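Student: I'd like a close look at how one pair of helices packs in this model. Could you walk me through it, and then say what else is worth a look around it?

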Amino acid sequence: MSSSTAVPGHSPIAETAPQSLCALEPRVPADRLVAEMVPPPRFDSVRFDTYVPDPNQPSQTEAIHVLSSFAAGLGGAHAVGAGRRRWFGRKPAAAPAGPRGVYLDGGYGVGKTHLLASLWHATPADRSLKAFGTFVELTNLVGALGFQQTVQTLGGHRLLCIDEFELDDPGDTVLVSSLLSRLVDAGVALAATSNTLPGKLGEGRFAAVDFLREIQGLSSHFRPLRIDGEDYRHRGLPEAPPPYSDDQVTRAAYATPGAALDDFPALLDHLARVHPSRYGALTDGITAVCLTDVQPVPDQSTALRLVVLADRLYDREVPVLASGLPFDRLFSDEMLNGGYRKKYFRAISRLTALARDAKGLVAQ
């Protein structure tokens, strides 16, 4: 969308008006899905020594020690599964003692993704021998490549990290569990985080029991590692910042090269026409997302799509500037008390963080 007309009272920096996410319908080839199975940009530089444990939560410090040792144990030759052929009569390298997988068990905002990405970085293997992706990205990979090709593609890896294992979709859970069983047989080490099953939230904020039950035969391969704590994004910080006016958001969009400007209800409608596997590509080249007229999401399907977009924006550190309602009023009380409660609170947490990042876009 190009324009040489300035916003009234605004001195344009460029002749090109802001982009619109609603005008984009990206196509993502399968080979890109494989190549992008690395920690997202927000977690490019994280390491165990950049994780700041809460001094009141000793489990966080313990997690660093356990995961550091786990990473070190993944060095050396690829652990060959029992079904692998032994070339030239040589015996495979002995697999490390104990579980070949670790499950990070904790609430949103305690730094599970930071730790998972740190494990990926710390594992002494070439980038091509370790993979990192969300559960949704992994299911999309299976859909793009097919089950057998995905097994072949990932079967030679040293480590597979799965962030936000989706326990609320029984069909996909069975699919990914079957895939992981094949990968374990091939000697791939696993690490995962997960959300909470619908209807289980009253039993506590942790999901280890649910996770180990749902993956069935894989449970013996995982060591649960509980990480207690509060949402680090809000330790000592204020709640969601107040939204700006439509005029402020529009002016900031015109003044920010690479920004996108969209009406929030229209964007929600557009997300229904774009597969969630493409939401990351939807933000390619976008330096900021500017939204006018933020309103409560109308239904659960729309809300879940917004959660995926919030995750992709957060991963890519794209600031979000908005008018209308503050982000902590996006979801109804019914949604926040329902089975997807944890997802919605994560989205609020991440969008609030991105709203703080966008403060500098508005002229003071």
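Tutor: Here is the helix pair, followed by the cores and a few single residues. Keep in mind that this is a predicted model.

Start with α5, which covers residues 147–154, and α6, which covers residues 170–185. Their axes sit 10 Å apart and meet at an angle of about 40°. Angles under 35 degrees would count as roughly parallel, and 65 to 115 as roughly perpendicular, so α5 is oblique to α6. As for handedness, the crossing of these two helices is right-handed.

Now for the side that each helix offers. From α5 come Phe147, Gln148, Thr150, Val151 and Leu154; α6 answers with Leu175, Ser178, Leu179, Arg182 and Leu183. Sort the residues of this contact by type and you get six nonpolar, three polar and one charged.

Next, the nonpolar cores. The largest one has 64 residues, and Leu115, Leu119 and Phe331 touch the most other members. Helix α11 gives the most to this core, with eight residues. Take leucine 115 and skip its neighbours within four places in sequence: leucine 115 is in contact with Phe48, Tyr51, Ala63, Ile64, Leu67, Leu104 and Ile227. Apart from that core lies another, of 23 residues, and here we get back to our helix pair: Leu183 is among its members, as are Tyr103, Leu138 and Leu218.

Two glutamates deserve a look at their backbone. Glutamate 164 is in strand β3, residues 159–165, and its phi is near 60°, a positive value in a residue other than glycine. With a relative accessible area of 10%, glutamate 164 falls under the 20% cut-off and therefore counts as buried. Glutamate 317 also isn't a glycine, yet has a positive phi of about 55°. You'll find glutamate 317 in the loop between α11 (300–315) and β8 (320–324). Its relative accessibility is 42%, so glutamate 317 counts as partly exposed.

One more loop residue to finish with: threonine 256, between α8 (246–255) and β6 (259–263). Although in a loop, threonine 256 is buried, because its relative accessible area is 15% and the cut-off is under 20%. Leaving out residues up to four places away in sequence, threonine 256 touches Thr287, Ala288 and Leu361.

Key. Residues numbered from 1 in each chain as written. Predicted model: local features only at pLDDT ≥ 70, side-chain atom pairs only at ≥ 80, totals over all residues. Heavy atoms only, no water. Axes fitted to C-alpha atoms, helices over the stretch in contact; angles between N-to-C directions. Helix = DSSP H or I, 4+ residues; strand = E, 2+ residues; numbered from the N terminus. Parallel < 35°, antiparallel > 145°, perpendicular 65-115°, else oblique. Left-handed = near helix turned anticlockwise from the far one by under 90°. Contact = heavy atoms within 4.5 Å. Nonpolar A, V, L, I, M, F, W, Y, C, P; charged D, E, K, R; others polar. Buried < 20%, exposed > 50% of the residue type's maximum accessible area, 1.4 Å probe, protein only. Core = buried A, V, L, I, M, F, W, Y, C linked by side-chain atoms within 4.5 Å.
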